[in-house]
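Work through the two exercises below with the structure in view. Each has a task and a stepwise solution.

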Amino acid sequence: ISSTSVAVTGVVLDQQSLELEINETAKLTATVLPENATNKEVTWSSSDESKATVDAAGNVKAVSTGSVTITVTTNDGGKTTSCAVTVKRIDLSGAEVSGLEGSYSYTGSEIEPKPTVTLNGIPLADGTDYKVTYQNNQEVGTATVTIEGINDYQGRVTRNFDITSTSVAVTGVVLDQ
C-alpha cells in the first residue's frame, strides 16, 4: 500500500483585521488548504511583540497602542497570511474595581494587599496609556484607587474608587505584667 502526501496550497484566517484595547485578547483560527493536506501544522508570529503577542494556538493579546501584524505560516510550503491588529487606547467608562473582599491595611500611602482593578473584566496593571494608583485618604479605614488614562473620545480621563478597609489599625500594646 502506498500513501501519497498532499501538499499545502495556502492558509486563510477567520479574521483579516482586529481592534483590541490594551490587555484584551482575541483568538485567530487558521485553516490550511486543501482540507486534506497532509501537514496542517502552522507557526504564528507578531511583527511587534511590544504591541501585541500571539501564542502557538493563535491567541492574540494586546500589549500597547499601535498597529501590528499577526502572521501565520504553514510548516509545509511556507504559505502565509496575516491579520492587521490595531490596539486602541483604553476607554475608562467601563472601569470598575473588584477584588476588594477581605482585609486591607495601609502602609504609608499604600494599600496592602493591592486590590485588583479590572476593565471590562480584564485585570489592569500600569500600562502605556494608563496608570493605576492606590492612595490612603488620610482618613481611618478609607483609601482611593485611581485609574488615570487616555482614550480616543474624551482625552485624559480619571476614575476614582473609594474603598473601606475592614482591618483595624494597631494603636498600641499593653503587657499583663
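**Exercise 1.** Classify Ser46 as buried or exposed, and describe its surroundings.

*Solution.* Step 1: Ser46 has a relative accessibility of 17%, so it counts as buried (buried is under 20% relative accessible area, exposed over 50%, partly exposed in between, with a 1.4 Å probe and protein chains only). The model is predicted: local features need pLDDT of at least 70 and side-chain atom pairs pLDDT 80 or more, while totals for chains, interfaces and linings use all residues. Residues are numbered from 1 along each chain as its sequence is written, and side-chain values use heavy atoms, without hydrogens and water.

Step 2: Ser46 belongs to strand β5, residues 42–46 (strands are DSSP runs of E, at least two residues, numbered from the N terminus).

Step 3: A polar atom of the Ser46 side chain is 2.6 Å from the backbone oxygen of Ala52. The side chain of Ser46 also reaches the backbone nitrogen of Asp48, at 3.2 Å.

Step 4: Beyond neighbours within four places in sequence, Ser46 is in contact (heavy atoms within 4.5 Å) with Ala52, Val54, Val68, Thr69 and Ile70.

**Exercise 2.** Give the strand order of the open sheet of three strands and find its edges.

*Solution.* Step 1: The order is β3-β7-β6, with antiparallel pairing (two strands pair if DSSP finds at least two bridges between them).

Step 2: β3 (25–27) and β6 (52–54) each pair on one side only, which makes them the edge strands.

Step 3: Three bridges join β3 to β7, residues 59–62. At one of them, Thr25 has Lys61 of β7 as its partner.

Key:
Helices (H or I, at least four residues) and strands (E, at least two) are DSSP runs, numbered from the N terminus. A polar contact is a pair of N or O atoms within 3.5 Å; within protein, one must be able to donate a hydrogen and the other to accept it, and residues adjacent in sequence count only if both atoms are side-chain atoms.
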